[in-house]
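Let's take a friendly walk through this structure, from the inside to the surface. Have the sequence and the 3D view at hand as you read.

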Amino acid sequence: MGHDAFMDPFSSKAHFLLYEICILTIGSYGDVTVTVPNILILGTVGQPLLLPANYTTGTKDHNIQITWTFQSQSSGSMLLVTAVNNTLTPDMEHGHRFFLSPPSASLLINPVELRDDGEYTIKVTVSGMKLASASRQLIVQVNVPVSKPVVRSDPAWGAVEYVDNATLSCTVTRGTKVIYQWLKDGKPLLPSSRHIFSSDNKMLFISPVLKDDLSNYTCVAKNPISMNESEPIAPNIYYGPYDLMVKSEPRFKVSEGVFTAGKGEPVWFKCSANSNPPNVYSWFQKADNKTTPIQWGPVLNIKSEKVPDKADYMCCVYNNITGKRDETQFTFILSATGQEKLKQKGSSLHSLGIIVGMSLTLIVCILLYFLLRRYFPRKVIKEELYHRSPAYYTQAHQVSEEREPPVDDYGIYEFVAVPEPTQFQQVRPEKLKTVYDIIREPNAHTTVYEVICHSPKTS
């Protein structure tokens, strides 16, 4: 059996060997049975490793010999340790690292070294009435833990989109039997027409690079006993310009590519495009069949009182690495806004003030009218009632009896207060009967306004 089969547990030879050993893991030869719980045992350099094994015998009176041997492609076959009953006989060359404690058959290796990688065989021999023996094999794989991988990008200065290629390489300082895997934004990266891996997966080739390759790449390095992941790295890719656009305050935009503002209003425009490295921006004005450069930089400030009523402006962007350029054009129109808007606003405020003043004046007049109706008539009628002579009431009663057309007396009479009966003593009672009865009707109240309409009957 070759050494490669033992070193590579995934080879067809190793599969056959493991299958064969699994069949023989538990067996007996005469009165001896040897068992091992695991066929493949993983060891770490510098750490102790126990190779567990057990045996049983059919008789009590016998001598027992336990022997461990080792075989590898580099070292060949060698005896490690022997024990007869409870007497240990270590190998003089290797006994300082291999330990056996009878009657236990387990072997301890402390510390484990890379050269301990190989096939181990335990053999138990029993002598008594007859001689019997049994043996089992184990495969030990010794590994060094994987260190944190480091990823480098080439070329380090960057690659131009659609032109250059990029190479990512993954390296570790420690580790044995290392397997490499590449992740893009945390997800496994699969081979494609532009993404090619080396035979050992340590290198990733991207040809050619595109803007979509701007991502975080990580390398995962692992072996049977450990796993580690690198810090993310993003290759430097030069691209653009893309998505060129000009924007300003929303109130100035009339339609796509058309802006307007009043004379005297400050106006700014900002030009932007997606690019690496950042673009070089330049502004041009096109008016009267002339194109004039006016400014450098992404922002253009326009003093609207110093520009034509209508002009076309152009923003040009240039990437000095990719050599690509782009431009966009828009129209700026001066409109009747600005100062005129302020005048219109002042005029509107003046008209609104007049309307509000007139409304307040009308409301005050209405209030005064109702107040006068409420208080002033009360005072007048009260004074008239208390200062009229008794002859006035007698005359009014006679006019009513004679059915003369009282044109001057027709109308609405309002009474707030009525003279007390004692004030009618100067007038004959029979003459005041009609007025007094009207005033002292049960439904008449002298504390509120009363409206009495008197319409004399005509013959």
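## Two nonpolar cores

In this predicted model, the largest nonpolar core has 32 residues. Leu51, Ile66, Trp68 and Tyr120 are the ones with the most contacts inside it. Eight strands each supply at least two residues of this core: β2 (32–35), β4 (49–51), β6 (63–72), β7 (76–84), β9 (98–100), β10 (107–109), β11 (118–127) and β12 (131–143). Of these, β12 gives the most to this core, with five residues.

Another core lies apart from that one and has 22 residues. Val267, Cys271, Trp283 and Phe330 are among them.

## Aromatic rings around phenylalanine 330

The structure holds nine aromatic pairs. In one of them, phenylalanine 259 and phenylalanine 330 meet edge-to-face, with 5.5 Å from centre to centre and 85° between the planes. Phenylalanine 259 belongs to strand β24 (residues 258–262) and phenylalanine 330 to strand β30 (residues 325–335), so this pair ties together parts that are 71 residues apart in sequence. Both phenylalanine 259 and phenylalanine 330 are buried.

Phenylalanine 330 also pairs with tyrosine 313: the ring centres are 5.8 Å apart and the planes are at 20°, so this pair is stacked. Because tyrosine 313 lies in strand β29 (residues 310–318) and phenylalanine 330 in strand β30, the pair ties together parts that are 17 residues apart in sequence. The relative accessible area is 2% for tyrosine 313, which is buried, and 3% for phenylalanine 330, also buried. If you colour the rings, look for one aromatic cluster formed by Phe259, Phe269, Trp283, Tyr313, Phe330 and Phe332.

Elsewhere, a charge meets a ring: lysine 211 lies over the face of tyrosine 239, at 5.4 Å from the ring centre.

## Salt bridges

Side chains of opposite charge can pair when their charged atoms come close. The count here comes to nine salt bridges.

Arginine 97 and glutamate 113 form one of them, with their closest N and O atoms 3.7 Å apart. Arginine 97 sits in the loop between β8 (87–90) and β9, and glutamate 113 in the loop between β10 and β11, so the pair ties together parts that are 16 residues apart in sequence. Arginine 97 is buried, at 3% relative accessible area, whereas glutamate 113 is partly exposed, at 26%. A network of salt bridges links Arg97, Glu113, Arg115 and Asp116.

Next, the closest N and O atoms of glutamate 231 and lysine 148 are 3.6 Å apart in a salt bridge. This pair links distant parts of the chain, 83 residues apart: glutamate 231 is in the loop between β21 (226–229) and β22 (237–247), and lysine 148 in the loop between β12 and β13 (150–154). Glutamate 231 counts as exposed, at 52% relative accessibility, while lysine 148 is partly exposed, with a relative accessible area of 41%.

A further salt bridge joins glutamate 265 and arginine 251 (3.2 Å, N to O). Glutamate 265 is in the loop between β24 and β25 (266–276) and arginine 251 in the loop between β22 and β23 (253–255), so they tie together parts that are 14 residues apart in sequence. Glutamate 265 is buried, at 16% relative accessible area, but arginine 251 counts as exposed, at 54%.

## A nonpolar patch on the surface

Which residues make a nonpolar surface patch of about 470 Å²? They are Leu352, Val356, Leu360, Ile363 and Leu367. Valine 356 is found in helix α3 (residues 339–387) and is partly exposed, with a relative accessible area of 41%.

Methods. Residues numbered from 1 in each chain as written. Predicted model: local features only at pLDDT ≥ 70, side-chain atom pairs only at ≥ 80, totals over all residues. Heavy atoms only, no water. Core = buried A, V, L, I, M, F, W, Y, C linked by side-chain atoms within 4.5 Å. Buried < 20%, exposed > 50% of the residue type's maximum accessible area, 1.4 Å probe, protein only. Helix = DSSP H or I, 4+ residues; strand = E, 2+ residues; numbered from the N terminus. Phe/Tyr/Trp six-rings, centres within 6.5 Å; stacked < 30°, edge-to-face > 60°. Lys NZ or Arg CZ within 6 Å of the ring centre and 35° of its normal. Patch = residues over 30% accessible without salt bridge, like charges linked within 9 Å, V, L, I, M, F, W, Y side chains within 5 Å. Areas by Shrake-Rupley, 256 points an atom, 1.4 Å probe, with all protein chains shown as cover. Salt bridge = Lys/Arg side-chain N within 4 Å of Asp/Glu carboxyl O.
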